[in-house]
Amino acid sequence: MKSDLFSSDHIVQPAVAAGMTVQNAKSIKYAVQGEMFARQGAMVAYRGSLQFERKGQGVGGMLKRAVTGEGLPLMTVRGQGEAWFAHEAQNCFIVGIEPGDVFTVNGRNVLCFDASLSYEIKTVKGAGITGGGLFNSVFTGHGSLGLICEGNPLVIPVSQQQPVFVDTDAVVGWTAHLRTSLHRSQSIGSMIRGGSGEAVQLKLEGEGHVVVRPSEATPQKTQQH
């Protein structure tokens, strides 16, 4: 059979080491030797001897998910083999987290991660329920984190001199040592008259980086995660 589909650009090669690699712009390959975690339903193919089990979030995590509609529904993958993960053909990226790093990310942007990483679902400081109930996942430890994003993300430096204001529906995550608060960019009078549709943003101050996707979450997308 002859086709560009079967060229070396598309045919996957055996993994040379355990862990995750970017298979292509839309998927991540994970060579499993033991245990790892992934978004529920994100596995698109695997080979080898692997088991997939739903992972609970605990009472606190389930409560936050019920209140906000946000969360991090996970599955545990165990065994020896290779698995491919993807979600709605979104772009995939890998973030390497080292001891001392803290990376805060929206649960809807998590695809998979090493079992050596720890995470907690926390309220975004300064936002609370009035900010759409912003509960993000905070990752620490040492390992790799696979992320998904609709389109190519914007990585914007934040400094003491230049805080960054981000639409709460577009933020993907941010690095440690950034302070968050809600910022209202419209006057009450403007909001009564209809406003611009961009009334409240998440303000980030300090030294670090914020990752933003080039689109806002639609109500339908938000409900799915």
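Okay, let's start with a weak spot: over residues 128-133 the pLDDT (the predictor's confidence in each residue, from 0 to 100) stays under 50, and the model has eight contacts there beyond four places in sequence, a contact being heavy atoms within 4.5 Å. So yes, this is a predicted model: local features need pLDDT of at least 70, side-chain atom pairs count only at pLDDT 80 or more, and totals for chains, interfaces and linings use all residues. Residues are numbered from 1 along each chain as its sequence is written, and side-chain values use heavy atoms, with hydrogens and water left out.

Residues 59-69 also stay under 50 in pLDDT, with 17 contacts beyond four places in sequence in the model. Where pLDDT is low, the predicted coordinates should not be read in detail. For the chain, mean pLDDT is 82, and 77% of residues reach 70 or more.

Now the inside. The largest nonpolar core (buried Ala, Val, Leu, Ile, Met, Phe, Trp, Tyr and Cys joined through side-chain atoms within 4.5 Å) has 18 residues, and Phe103, Val105, Val110, Phe113, Tyr119, Phe139 and Leu145 touch the most other members. Buried, by the way, is under 20% relative accessible area, exposed over 50%, partly exposed in between, with a 1.4 Å probe and protein chains only. Two or more residues each come from β6 (103-105), β7 (110-114), β8 (117-123), β9 (135-141) and β10 (143-149); strands here are DSSP E runs of at least two residues, numbered from the N terminus. There's a second, separate core of 16 residues, with Tyr30, Ala83, Cys92 and Leu111 among them.

Stay on Val110. Beyond four places in sequence, its contacts include Arg39, Leu72, Val105, Phe139 and Leu145. Its backbone oxygen lies 3.0 Å from a polar side-chain atom of Arg39. Arg39 itself sits in strand β2, residues 27-39. Which side chain of opposite charge is nearest to this buried arginine? That's Glu88, 7.2 Å away, and Arg39 has no salt bridge (side-chain nitrogen of Lys or Arg within 4 Å of a carboxyl oxygen of Asp or Glu).

Back to strand β6, for Thr104. Thr104 counts as buried because its relative accessibility is 11%. Leaving out residues up to four places away, Thr104 touches Asn136, Ser137, Val138, Val172, Gly173 and Trp174.

Last one, His177, in the loop between β13 (171-175) and β14 (178-184). Buried or exposed? Exposed, because its relative accessible area is 69%. Beyond four places in sequence, His177 contacts Glu205, Gly206 and Glu207. His177 and Glu205 are 28 residues apart in sequence and 8.6 Å apart, C-alpha to C-alpha.

Conventions. Helix = DSSP H or I, 4+ residues; strand = E, 2+ residues; numbered from the N terminus. Lys, Arg positive; Asp, Glu negative; His and termini not counted. Polar contact = N/O pair within 3.5 Å; in protein donor to acceptor, adjacent residues only side chain to side chain.
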